[in-house]
Structure formats: C-alpha cells, structure tokens
Amino acid sequence: MTTNSVTVKQIANKEKEVRRLFNFMNIMAWSALVIGVVLSLWNVTHFSDKNLTLMVGIGFLVGSVFIYTIGTAIHLVHKRKYEQQENEESNA
C-alpha cells in the first residue's frame, strides 16, 4: 500500500489554477451578459420570436447565468477540498 504525499507547493499551484479558472469564467459570464443585453436591446421594438437578435441576446443572458454558476460551483468545491486537506494535515 502506498501513501500519497502532497506538498504545500502543489496545493498552492492547484489553488492558483482554480482561482485563474474562476476569474476567467467570471469574466466570460460578465461578457456574455453585456453581449446579451446589447443584442436584446438592438431591435427590441420588433418583439417576437422571429427577431433573431432578440433570441440570441436572450440566449447570451441565460448562458451568462450558467457560466457564472458553474464557475462559482467549481471554485467552492475546490476551496472546500483544500480546507479539508488542511484540516486532515493539522489533525495528523
């Protein structure tokens, strides 16, 4: 049976990568939100399902919420994982 040893440097590198991913997804979510608002307001006077820019804009608005939610979930899962590893190391 082997044991896995994890150094502080490896944990710090993984935390840095997760933080970078979270920041990137945050930027992408806000970008999608802005694009969605602009496209939705582009030709809002013709409010119907045949208005392509309105439909694509709504898609960007919905997509931005999903991107933000997924990014936040990834960040929280990894944060809890690192906290749990730190607690296990301090208890050992």
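In this predicted model, four glutamates, Glu83, Glu86, Glu88 and Glu89, come together on the surface as a patch of negative charge. Take Glu89 from that group: it sits in helix α2, which covers residues 52-91. Its relative accessibility is 44%, so Glu89 counts as partly exposed, because that label is for values between the 20% limit for buried and the 50% limit for exposed.

Helix α2 also has a greasier side to its story. Met55, Ile58, Val62, Phe66 and Ile70 make a nonpolar patch on the surface, with an area of about 450 Å². Phe66, one of these residues, belongs to helix α2. With a relative accessible area of 53%, Phe66 is exposed, since exposed means over 50%.

What about the residues of α2 that are tucked away? The buried ones are Leu54, Gly57, Ser64, Gly71 and Tyr82. To earn that label, a residue has to have under 20% relative accessible area.

The length of α2 can be checked with a bit of simple arithmetic. The helix has 40 residues, and at 1.5 Å a residue it should span 58 Å. The expected span is 1.5 Å times one less than the number of residues, which is why the count is not simply multiplied as it stands. The C-alpha atoms at the two ends of α2 are 58 Å apart, so the expected span and the model agree.

Next comes helix α1, which runs over residues 8-42 and is home to Ser31. Ser31 has 32% relative accessibility, so it counts as partly exposed. Along the chain, Ser31 and Phe60 are 29 residues apart, and their C-alpha atoms are separated by 9.2 Å.

A second pair brings the story back to α2, where Thr72 is found. Thr72 has a relative accessible area of 23% and is therefore partly exposed; the cut-off for buried is under 20%. Thr72 and Met25 are 47 residues apart along the chain, while 8.6 Å separates their C-alpha atoms.

How values were computed:
Residues are numbered from 1 along each chain as its sequence is written. This is a predicted model: local features need pLDDT of at least 70, side-chain atom pairs count only at pLDDT 80 or more; totals for chains, interfaces and linings use all residues. Side-chain values use heavy atoms; hydrogens and water are left out. Patches are made of residues with over 30% relative accessible area and no salt bridge: like charges are joined within 9 Å, nonpolar side chains (Val, Leu, Ile, Met, Phe, Trp, Tyr) within 5 Å. Accessible areas come from the Shrake-Rupley method with a 1.4 Å probe; for residues, only the protein chains shown count as cover. A salt bridge is a side-chain nitrogen of Lys or Arg within 4 Å of a carboxyl oxygen of Asp or Glu. Lys and Arg count as positive and Asp and Glu as negative; His and the chain ends are not counted. The place of a charge is taken as NZ of Lys, CZ of Arg, CG of Asp or CD of Glu. Helices (H or I, at least four residues) and strands (E, at least two) are DSSP runs, numbered from the N terminus. Buried means under 20% relative accessible area, exposed over 50%, partly exposed in between (1.4 Å probe, protein chains only).
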